[in-house]
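The following exercises are intended for work with the sequence and the structure side by side. Each task is followed by a solution in steps.

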Amino acid sequence: MSSMDGIFDYIINVLVFPGGLSALILGLVLKGMDRKAGARLQRRVGPPIIQPFYDLVKLAGKENCVPETARKFIFLNAPIAGSISMALAMVLIPISGVYTPDASSGDLLALLYLLAVPAVVLMLSGSSSGSGFGALGFSREMSLILALVSVALKVGSETGSVITFSLSEIVRVQQVNGPFLFDPVMHPAFITYLLFVPAGLGVAPFDVAEAETEILEGPLLEYSGLIRTATGRMRMDQAFLFYFKWPEITGITSLLTVLSLG
Amino acid sequence: MAKSPWVYRINAGSCNGCDVELATTALIPRYDIERLGCKYCGSPKHADIVLITGPLTARVKDKVLRGYSEIPNPKVTVAVGICPISGGVFRDSYAIKGPIDRYIPVDLNIPGCPPRPQAIIEGLAMAIEIWKNKL
């Protein structure tokens, strides 16, 4: 009985909170805030913050086209696999006071590998689309990832060698000793992480793979309809993951919990 | 649902006057159509509103029709400038394959050579209305 409950809880975690639905919503809100902030900085009004929701709904309503020369199976299923991996990655991250996953050692490694999946998905989408632009995007993304993964492993191994590879352990240590953010030893890792975030997301100045002016969105070029929403959603989950992950691990929220309780 | 019309430009042999208007004066931050959810998209597969400039020259006709066929429904076709509507200043030329609506169904015409930015934006707003009705 308890194992059945456990599985049910896990599925809810993956699909609704903190994975799946909530990651999608929060990621889209983040993107909306980004566009709105950019607009305000340019002294104009800008789209409403929930604009990315409208975009995603609109893309879902378009016809689903598959190019003739595309490898249909990979083309259609790669974005879905990417979305699922992001949902699974979200489940691994503890949110202090709100959500604790089943503790296991080696969480951090699992997380790093899961974070590499969207990049691989982008490469697969590009190469399976049968278009020249897609192939270009594929090769560019590959170059980007080769540079990226070494950075990610550096960050991961620094944290891992100092404490442990288990995420719950990391959060708990910070609840006891204070957040890592205030510990000078962790600062190089933090700076590396700040550089890693835009590269992992494919945001300027690291957007060679999806450069809109050069290769017309590369791997995403041939996608339309519901599948396009899957790729968009994958990116959104990724955004949420990156922006909220490190505060958890550096224990900013645990700091807040401690402050509010004490 | 109808709050995110994405715009795609096709240059069908235009002199670039209308394209300059589209790129640098009309659909720019100054008039901020992004608050309507409009933005340029790089791929025809993501487009809702198609802006076509230029008389359809013979050289480019097949490619324009091919590119146009890549755009999924529902879509709104807008002819920007007098050239796609009637041929404009080039209308008696040997190199022109005629007004656009001989080949593709045009929903909205924005005449002018080039049209004023305000006219383009008004046309875009009308196109959004047409698009909402098509959904």
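**Exercise 1. A salt bridge within chain B**

With which residue does E70(B) form a salt bridge, and how far apart are the closest N and O atoms?

Solution. The model examined here is a predicted one. The partner of E70(B) is R66(B), and the closest N and O atoms of the two lie 2.4 Å apart. A salt bridge requires a side-chain nitrogen of Lys or Arg within 4 Å of a carboxyl oxygen of Asp or Glu. Side chains of opposite charge can pair when their charged atoms come close.

**Exercise 2. A network of salt bridges**

Determine which residues are linked to D32(B) in a network of salt bridges, and explain why the pair R44(A) and D32(B) joins two chains.

Solution.

Step 1. Begin with the total: over all chains, the structure holds nine salt bridges.

Step 2. Take the pair named in the task. The side chains of R44(A) and D32(B) form a salt bridge with an N to O distance of 2.8 Å. R44(A) belongs to the loop between α2 and α3 (51–60) of chain A, while D32(B) belongs to the loop between α1 and β2 of chain B, so this pair joins two chains.

Step 3. Examine the cover of each residue, for which buried means under 20% relative accessible area. R44(A) has a relative accessible area of 13% and is therefore buried. D32(B) is buried as well, because its relative accessibility is 4%.

Step 4. Look for a further partner of D32(B). The side chain of R35(B) also meets that of D32(B) in a salt bridge, at 3.9 Å from N to O. R35(B) is partly exposed, its relative accessible area being 45%.

Step 5. Assemble the network. The linked residues are R35(A), R44(A), D55(A), D32(B), E34(B) and R35(B).

**Exercise 3. The sheet of chain B**

State the strand order of the open sheet in chain B, and then describe how β4(B) is placed in it.

Solution.

Step 1. The open sheet has five strands in the order β2-β1-β3-β4-β5 (chain B), and the pairing is parallel. Its edge strands, each paired on one side only, are β2 (39–40) and β5 (108–110) of chain B.

Step 2. Helix α1 (residues 17–26) of chain B packs on this sheet and touches β1 (6–11), β2, β3 (49–53) and β4 of chain B. The direction of α1 makes about 145 degrees with that of β3(B).

Step 3. Turn to the pairings of β4(B). With β3(B) there are five bridges in the parallel sense, and V50(B) has T77(B) in β4(B) as its bridge partner. Strand β4 (residues 76–80) of chain B pairs with β5(B) over three bridges, also in the parallel sense. There, V78(B) has L108(B) as its bridge partner.

Step 4. Consider the side chains. In a regular strand the side chains alternate between the two faces of the sheet. From β4(B), V76(B), V78(B) and V80(B) point one way, whereas T77(B) and A79(B) point the other way. Five of the five residues of β4(B) are buried.

**Exercise 4. The nonpolar cores**

Which element gives the most residues to the largest nonpolar core?

Solution.

Step 1. The largest nonpolar core has 19 residues. Those with the most contacts inside it are V7(B), L27(B), I49(B), L51(B), V78(B), V80(B) and L124(B).

Step 2. Two or more residues each come from α1, β3, β4, β5 and α4 (117–134) of chain B. The largest contribution is that of α4(B), with five residues.

Step 3. Examine the surroundings of V7(B). Apart from neighbours within four places in sequence, V7(B) is in contact with several residues, including L27(B), I49(B), L51(B) and L124(B).

Step 4. A second, separate core has 15 residues, among them L59(A), I10(B), A12(B) and I104(B).

**Exercise 5. Chain A**

Characterise the secondary structure of chain A, and decide whether G27(A) is buried or exposed.

Solution.

Step 1. Chain A contains ten helices and zero strands. Of its 262 residues, 50% count as buried.

Step 2. Among the contacts in chain A with a separation of 6 or more, 77% are between residues 24 or more positions apart.

Step 3. Chain A exposes about 12600 Å², of which carbon and sulfur atoms supply 70%.

Step 4. G27(A) is located in helix α2 (residues 20–41) of chain A. Its relative accessibility is 0%, so G27(A) counts as buried. The C-alpha atoms of G27(A) and P52(A) are separated by 9.4 Å, the two residues being 25 residues apart along the chain.

Technical notes: Residues numbered from 1 in each chain as written. Chains lettered and ligands numbered in written order. Predicted model: local features only at pLDDT ≥ 70, side-chain atom pairs only at ≥ 80, totals over all residues. Heavy atoms only, no water. Helix = DSSP H or I, 4+ residues; strand = E, 2+ residues; numbered from the N terminus. Buried < 20%, exposed > 50% of the residue type's maximum accessible area, 1.4 Å probe, protein only. Contact = heavy atoms within 4.5 Å. Areas by Shrake-Rupley, 256 points an atom, 1.4 Å probe, with all protein chains shown as cover. Pairing = 2+ DSSP bridges. Axes fitted to C-alpha atoms, helices over the stretch in contact; angles between N-to-C directions. Core = buried A, V, L, I, M, F, W, Y, C linked by side-chain atoms within 4.5 Å.
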